[in-house]
Number of protein chains: 2
Amino acid sequence: MQDNLRRFKAEIFQALAHPTRIAIVELLRDDGETAVTAVYERLELEQANVSQHLAVLRSKHIVVARKDGNQVFYSLRDRALGKVLDLMRQFFHAHLEESLALLEDMRTKEPRTKKTPAGGRKP
Amino acid sequence: MQDNLRRFKAEIFQALAHPTRIAIVELLRDDGETAVTAVYERLELEQANVSQHLAVLRSKHIVVARKDGNQVFYSLRDRALGKVLDLMRQFFHAHLEESLALLEDMRTKEPRTKKTPAGGRKP
DNA sequence: TCCAAGTATTCGACAATTCGAATATGCTTG
DNA sequence: CAAGCATATTCGAATTGTCGAATACTTGGA
């Protein structure tokens, strides 16, 4: 059981382990219930992509959907998760220097580059 | 920058998004500084595997290593992460019923089965 | 110096995630 | 019912994560 519990936690973390999903959660936390259209317009992302990420969040019960006629409104299911993100910011600030180094690191590696033509390292 | 910050958070979550790494973090939180041998003996895992997971945690600065002679002692770098896990438990309890359903779901799907011989559904 | 203990890294196979494109589903209005 | 908007799902390709086995590195002692 101890192990199942850990798998459960891991799945929650996994669900949050993507910049877009974090953006979505933060948006819902700040703006409350929001329709899908508003989400992908605010975040400037493709509809399908947002829908896929919402599906992930939904499957882990991080988010709840409410249907209203044509559209679907999403909201955070529990504000504990908002707190988690706050702690995250705290964590970030507490170790600002190293965090910045990490960010720098991330910048050099360029995120999800899909068309980097010749970036290969080590010939 | 907003986006970089989200990528940073996502990486932290990603680092925690594995049952073994959660087990490690919880162990370090509860027992304090611990040598690698003790970790993999307590968790009944392969040395290499634990070392790989520790490398992940290290690369995200979730954990710090202190060398002492032959061995390396690991500890949590920030108790904020302990708090995050506490919030997680809170989250779990707050939604116990659905969480249990999720666990049940996970049980049926069996995690990381590598040698399930004939479990396939749909012939 | 050689060896053994304790950790870390590399490698190859396989599983899982992610994206955009295409397509499907569901609701509402005419 | 057809058309059209809002959302979801499926597909294939590329990327990333995971594991055990093998191997390398580092330290302390014979």
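A residue counts as buried when its relative accessible area is under 20%, computed on the protein chains only. In this predicted model, H53(A) has a relative accessible area of 9%, so H53(A) is buried. The 9% takes no account of the DNA, because the area is computed for protein chains only.

## H53(A) in its setting

H53(A) sits in helix α4 of chain A. What does H53(A) touch, once neighbours within four places in sequence are set aside? The contacts are H18(A), T20(A), R21(A) and I24(A). H53(A) also faces the DNA. It is among the closest residues to DNA strand C. A polar side-chain atom of H53(A) lies 2.5 Å from a phosphate oxygen of that strand.

## Chain A

Chain A holds six helices and three strands. Along the sequence they follow the pattern α-α-β-α-α-β-β-α-α. The chain has 123 residues, and 42% of them count as buried. Take the contacts in chain A with a separation of 6 or more: 50% of these join residues 24 or more positions apart.

The three strands of chain A make an open sheet. Their order is β1-β3-β2, and the pairing is antiparallel. Which strands stand at the edges? They are β1 (34-35) and β2 (63-68) of chain A. Each has a single partner strand, so one side of each lacks a neighbour in the sheet. Two bridges pair β1(A) with β3 (residues 71-76) of chain A, in the antiparallel sense. In one of the pairs, A35(A) has F73(A) in β3(A) as its bridge partner.

## Chain B and the symmetry

Chain B also has a sheet to describe. Three strands of chain B form an open sheet in the order β1-β3-β2, with antiparallel pairing. The edge strands here are β1 (34-35) and β2 (63-68) of chain B, each paired on one side only. β1(B) and β3(B) run antiparallel and are joined by two bridges. A35(B) has F73(B) as its bridge partner in β3(B).

How are the two chains related? Chain A superposes on chain B by a rotation of 180°, with 0.0 Å of shift along the axis and an RMSD of 0.1 Å. The two copies are therefore related as by a two-fold rotation axis. The same surface serves both: 100% of the contact residues of chain A recur in chain B.

## DNA strand C

DNA strand C is surrounded by 24 residues. The closest are H53(A), T37(B), Q47(B), Q71(B) and Y74(B). Of the strand C atoms within 4 Å of the protein, 64% belong to sugar or phosphate, and the rest belong to bases.

Chain B supplies further phosphate contacts. A polar side-chain atom of T37(B) is 2.2 Å from a phosphate oxygen of strand C. For Y74(B), a side-chain N or O atom is 2.5 Å from a phosphate oxygen of the strand. Four elements give two or more residues to this surface: α4 (47-59) of chain A, with α3 (36-42), α4 (47-59) and β3 (71-76) of chain B. α4(B) gives the most, with five residues. By type, the surface near strand C divides into six nonpolar, 12 polar and six charged residues.

## DNA strand D

DNA strand D has 24 residues around it. T37(A), Q47(A), Y74(A), Q52(B) and H53(B) come nearest. Sugar and phosphate account for 68% of the strand D atoms that come within 4 Å of the protein.

Which part of strand D does the side chain of Q52(A) approach? It is a base oxygen, 2.9 Å from a side-chain N or O atom of Q52(A). V72(A) uses its backbone: a polar backbone atom is 3.2 Å from a phosphate oxygen of strand D. From chain B, a side-chain N or O atom of H53(B) is 2.6 Å from a phosphate oxygen. The elements giving two or more residues here are α3 (36-43), α4 and β3 of chain A, together with α4 of chain B. α4(A) gives the most, with five residues. The surface near strand D divides into six nonpolar, 12 polar and six charged residues.

## Polar contacts with DNA

| Residue | Protein atom | DNA atom | Distance |
|---|---|---|---|
| H53(A) | side chain | phosphate oxygen, strand C | 2.5 Å |
| T37(B) | side chain | phosphate oxygen, strand C | 2.2 Å |
| Y74(B) | side chain | phosphate oxygen, strand C | 2.5 Å |
| Q52(A) | side chain | base oxygen, strand D | 2.9 Å |
| V72(A) | backbone | phosphate oxygen, strand D | 3.2 Å |
| H53(B) | side chain | phosphate oxygen, strand D | 2.6 Å |

Note on methods
Residues are numbered from 1 along each chain as its sequence is written. Chains are lettered from A and ligands numbered from 1 in the order in which they are written. This is a predicted model: local features need pLDDT of at least 70, side-chain atom pairs count only at pLDDT 80 or more; totals for chains, interfaces and linings use all residues. Side-chain values use heavy atoms; hydrogens and water are left out. Copies are superposed by least squares on the C-alpha atoms of residues with pLDDT of at least 70 in both. Contact means heavy atoms within 4.5 Å. A residue is near a molecule or strand if one of its heavy atoms lies within 4 Å of it. A polar contact is a pair of N or O atoms within 3.5 Å; within protein, one must be able to donate a hydrogen and the other to accept it, and residues adjacent in sequence count only if both atoms are side-chain atoms. Ala, Val, Leu, Ile, Met, Phe, Trp, Tyr, Cys and Pro count as nonpolar, Asp, Glu, Lys and Arg as charged, and the others, Gly among them, as polar. Two strands pair if DSSP finds at least two bridges between them. Buried means under 20% relative accessible area, exposed over 50%, partly exposed in between (1.4 Å probe, protein chains only).
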